Amino acid sequence: MTPGKLQFAWRAAVGPALARASSVELRGARVVVHMSSPEWAREIERSRPITLQRLRPLLGRDVITRIDLM
């Protein structure tokens, strides 16, 4: 998994506004999200199930098991 592929999938899953307000990295089978503000973190928290559902087809069901906010 390259950082570029993860960034592309993240942007496709959350949209351009949330993608601009965050950075992501892969740690094992977890996507770790660093948010620019608490307000954006709440948006990711609320949309976590749907975001995970959107990421899995792009990156692989076995690759991504959860999303963690930092």
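This note goes through salt bridges in the predicted model, with attention to where the paired residues lie and how exposed they are.

1. Counting a side-chain nitrogen of Lys or Arg within 4 Å of a carboxyl oxygen of Asp or Glu as a salt bridge, the model comes to five such pairs. Side chains of opposite charge can pair when their charged atoms come close.

2. One of these pairs joins R30 to D68, with the closest N and O atoms 2.6 Å apart. Because R30 belongs to strand 2 (residues 30-35) and D68 to strand 3 (residues 66-69), the pair ties together parts that lie 38 residues apart in sequence.

3. D68 also meets R66 in a salt bridge, at 3.1 Å from N to O, and R30, R66 and D68 are accordingly described as linked in a network of salt bridges.

4. As for the surroundings of this network, D68 is buried, with a relative accessibility of 12%, whereas R30 is partly exposed at 26% and R66 is likewise partly exposed at 42%.

5. Another salt bridge is found between E43 and R46, where the closest N and O atoms are 3.5 Å apart. Both residues sit in helix 3 (residues 38-59), and because they are three residues apart there, about one helical turn separates E43 from R46.

6. Within this helical pair, E43 is partly exposed, its relative accessible area being 34%, while R46 counts as exposed, with a relative accessibility of 59%.

Key. Residues numbered from 1 in each chain as written. Predicted model: local features only at pLDDT ≥ 70, side-chain atom pairs only at ≥ 80, totals over all residues. Heavy atoms only, no water. Helix = DSSP H or I, 4+ residues; strand = E, 2+ residues; numbered from the N terminus. Buried < 20%, exposed > 50% of the residue type's maximum accessible area, 1.4 Å probe, protein only.
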